[in-house]
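Good morning, and thank you for making time for this presentation. I would ask you to look at the sequence and the structure together as I speak.

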Amino acid sequence: MPRKSKANLVTAGGGAILVLSGLVGLFLALFSVGNMVWPMLLFEPIVLGGGLIAIAVGLRVQRSSVPMALATAAGCIAVAGFLSTLAGRNTLGSGILVPMLGLRMVIAAALAVYAGWLVIGPNMNRWRQVVIGCALLVLGGAIAASSFIGPAKPFREWLLSLGGFATSATALVLFVIFVILTAAGVHLLVRPFEVALDEGAAEGSASS
């Protein structure tokens with residue numbers, strides 16, 4: 001089987017898993033407790049829609065703007081899956097939601113990498129920039145998450161124990177670091193794709 005056909009088959013398979021997980025999420029939100037978990041009813045259809053996009057790409061129903069379609073689906077799946085889990089964990093527990101989130105994140109990451117490969121190709125320098133950009137965004141996200149996630153509570157208590165001025169100054173420094181990491185991460189993540197698309201457009205103009 002040609003490599004591209006295998007990639008399409010894997011993409012469609014990942015999409016099918018996402019659709020199934022979206023249906024499971026909707027079922028849990030509707031029927032697993034006495035009251036419906038309304039936030040999950042907002043986010044689970046987005047996961048399901050992302051899975052349908054992946055299936056459409058894998059089955060070659062969607063043939064135009066494939067990298068953009070996959071990248072958009074991956075981003076929506078990751079964000080909606082995370083928010084749905086966050087919304088439903090207190091009511092439904094984490095026994096099934098957290099493993100399901102992990103599976104969704106793995107598939108979303110695979111779709112994003114595949115979308116990137118379709119644009120960037122095997123250029124390792126550009127992939128290095130993408131990896132560094134992602135690492136910076138993760139660090140920035142960790143700083144932001146430290147303000148509300150449970151495991152970071154000791155850090156927040158220590159920060160508050162410093163006193164008014166020291167607490168405010170430290171929080172300001174952390175915010176500046178967060179902004180710098182986020183800005184640099186987005187730039188390093190997006191720039192290789194911009195260059196690749198510009199080069200592709202230039203080659204197309206030259207050939208015509």
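I shall begin with the protein as a whole and then turn to particular helices, loops and residues.

Please keep in mind throughout that this is a predicted model. The secondary structure comes to 7 helices and 0 strands. Along the sequence, the pattern therefore reads α-α-α-α-α-α-α. Taken along the principal axes, the C-alpha atoms fill a box of roughly 65 × 45 × 25 Å.

Let me add some totals. The protein has 208 residues, of which 30% count as buried. About 12,200 Å² is exposed, and carbon and sulfur atoms supply 73% of that area. As for charge, there are 12 positive and 6 negative side chains, and the centres of the two sets lie 10 Å apart. Turning to contacts between residues at least 6 apart in sequence, 71% of them join residues at least 24 apart.

I now come to helix H2, residues 38–58. Does its length agree with what its number of residues suggests, or disagree? At 1.5 Å a residue, the 21 residues of H2 should span 30 Å. The end C-alpha atoms of H2 are 31 Å apart, so the length agrees with that expectation. Several residues of H2 are buried, including Met-40, Leu-41, Glu-44, Val-47 and Leu-48. Towards the end of the helix, Ala-54, Ala-56, Val-57 and Gly-58 are also among the buried residues.

Just after H2 comes Arg-60, with a positive phi of about 65°. Please note that this positive value occurs in a residue other than glycine. Arg-60 is found in the loop between H2 and H3. With a relative accessible area of 38%, Arg-60 is partly exposed.

The next helix is H3, which covers residues 66–92 and contains Thr-85. Is Thr-85 buried or exposed? Its relative accessible area is 7%, so Thr-85 is buried. Not counting residues up to four places away in sequence, Thr-85 touches Leu-97, Val-98 and Leu-101. Two of these partners, Leu-97 and Leu-101, appear among the buried residues of H4.

Between H3 and H4 there is a loop, and Gly-93 lies in it. Gly-93 is partly exposed, with a relative accessible area of 24%. How far apart in space are Gly-93 and Gln-62, C-alpha to C-alpha? They are 37 Å apart, with their positions 31 residues apart in sequence.

Helix H4 runs over residues 97–120. At 1.5 Å a residue, its 24 residues should span 34 Å, and the end C-alpha atoms are 34 Å apart, so the two values agree. The buried residues of H4 also include Arg-104, Ile-107, Ala-108, Leu-111 and Tyr-114. After H4 comes Gly-121, whose phi is positive, near 75°.

Let us move on to helix H5, residues 124–145, in which Gly-140 lies. Gly-140 is buried, with a relative accessible area of 0%. Which residues does Gly-140 contact, leaving aside its neighbours within four places in sequence? The answer is Phe-178 and Leu-181. In addition, the C-alpha atoms of Gly-140 and Leu-174 are separated by 9.4 Å, although these residues are 34 apart along the chain.

Beyond H5, the loop leading to helix H6 (153–161) holds Ser-146. Ser-146 has a relative accessible area of 14%; the cut-off for a buried residue is under 20%, and Ser-146 is therefore buried. Leaving aside neighbours within four places in sequence, Ser-146 is in contact with Ala-152, Phe-155 and Arg-156.

Finally, I turn to the aromatic residues. A search of the whole structure finds 4 aromatic pairs. One of them is formed by Phe-175 and Phe-178, a tilted pair with 6.4 Å centre to centre and 35° between the planes. Why are these two residues separated by about one helical turn? They are 3 residues apart in helix H7, residues 164–207, and this spacing is the reason. In general, an α-helix has 3.6 residues a turn, so residues three or four places apart point the same way. Phe-178, which we met as a contact of Gly-140, is partly exposed, with a relative accessible area of 26%.

That concludes my presentation, and I thank you for your attention.

Definitions and conventions:
Residues numbered from 1 in each chain as written. Predicted model: local features only at pLDDT ≥ 70, side-chain atom pairs only at ≥ 80, totals over all residues. Heavy atoms only, no water. Helix = DSSP H or I, 4+ residues; strand = E, 2+ residues; numbered from the N terminus. Buried < 20%, exposed > 50% of the residue type's maximum accessible area, 1.4 Å probe, protein only. Contact = heavy atoms within 4.5 Å. Expected span 1.5 Å × (residues − 1). Phe/Tyr/Trp six-rings, centres within 6.5 Å; stacked < 30°, edge-to-face > 60°. Areas by Shrake-Rupley, 256 points an atom, 1.4 Å probe, with all protein chains shown as cover. Lys, Arg positive; Asp, Glu negative; His and termini not counted. Charge placed at Lys NZ, Arg CZ, Asp CG, Glu CD.
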